[in-house]
Amino acid sequence: MERLQKYLARAGVAARRDAEQLILAGRVKVNGKVVKELGFKVSDRDVVEVDGRIVKPEKLVYILMYKPAGYITTVDDPFGRPTVLSLLAGKVKERVFPVGRLDMNTEGLLILTNDGDLAMALTHPKHQVPKTYLALVRGTPNRAKLKELERGVLLEDGYTAPAKVNFKKPEGKNSWIEITIHEGRKRQVRRMFKKIGHPVLKLIRTRIAFLTGYGLKKGSFRYLTPAEVLKLKRLVNSNRG
Ligand code: URA
């Protein structure tokens, strides 16, 4: 059972606030009767109508995509650049949206879902969901520089939280470094490496919590299994401090 306004939001009728207005305006019926009470509880077995049209929530879907570079993670782009949603067109009928963001030039793992609650929980810093990136950076940062990143560096929006950092291998004059962070500030990894004087040349997200890109080609996606969805939900619930 859930509150009518949440049901309407899940059905894509309107955001929760606007759904409340529809209810108060008497435009919503449950099993043929107008309901104006905001706390009214419904289940998926009830018949809900808005302005005489039956509305039903979509099935909740959870997708793991390997985002290629060159795609943006916002849903609409005023400049007409390709969005990650275009990679799902014709294949996923539910209206999913990206959880968090990856820069246009970053590739790697991205979760997409129509489950607003889980999306919000996964992006909230208090849940400390670890995200791992492989960064090709200019030059060779020494141990002291990497330690700085581990402890936290001062960016325009404050100190970064402790991170895990590992030197992986050199590539010519540059280096591949693995970094795990729990925050999701805008361009955070790029800004962190820039701060220590080793700007990022290429950035790949290789892991979100326990999810890896194993078996996923660039631009492809798969549905999360029910067990993986449950594990993600448990993860954010157990970190609810
Ligand atoms: N940090 C960045 O700098 N860019 C991303 O896309 C993700 C994390």
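## The ligand pocket

The ligand takes up the space of the second largest pocket. The model is predicted.

Nine names make up the surroundings: Leu 102, Asp 103, Thr 106, Tyr 133, Arg 187, Gln 188, Val 189, Arg 190 and Leu 203. By class, the shell holds 4 nonpolar, 2 polar and 3 charged residues. Helix 5, residues 188-195, gives the most to this shell, with 3 residues.

## Polar contacts

Asp 103 works through its side chain: an N or O atom there is 2.7 Å from a nitrogen atom of the ligand. Arg 187 and Arg 190 use their backbones instead. A polar backbone atom of Arg 187 is 3.3 Å from an oxygen atom of the ligand. For Arg 190, a backbone N or O atom lies 2.9 Å from a ligand oxygen atom. The protein covers 96% of the ligand's accessible area, which is 240 Å² for the ligand on its own.

## Domains around the site

The domain assignment splits the chain into domain 1 (2-55), domain 2 (62-125 + 211-238) and domain 3 (130-208). Domain 2 is given as two segments, 62-125 and 211-238.

Which domains supply at least three residues each to the shell around the ligand? Domain 2 (62-125 + 211-238) and domain 3 (130-208) do. Among the shell residues are Asp 103 and Arg 190. Domain 1 and domain 3 have their centres 47 Å apart, taken over C-alpha atoms.

Definitions and conventions:
Residues numbered from 1 in each chain as written. Predicted model: local features only at pLDDT ≥ 70, side-chain atom pairs only at ≥ 80, totals over all residues. Heavy atoms only, no water. Near = heavy atom within 4 Å. Polar contact = N/O pair within 3.5 Å; in protein donor to acceptor, adjacent residues only side chain to side chain. Areas by Shrake-Rupley, 256 points an atom, 1.4 Å probe, with all protein chains shown as cover. 1 Å grid on protein atoms, 1.4 Å probe; cavity = no way out; pocket = protein on both sides within 12 Å on 5 of 7 lines; lining within 4 Å. Sits in = over half its atoms within 2 Å of the grid points. Helix = DSSP H or I, 4+ residues; strand = E, 2+ residues; numbered from the N terminus. Nonpolar A, V, L, I, M, F, W, Y, C, P; charged D, E, K, R; others polar. Domains from an automatic or database assignment.
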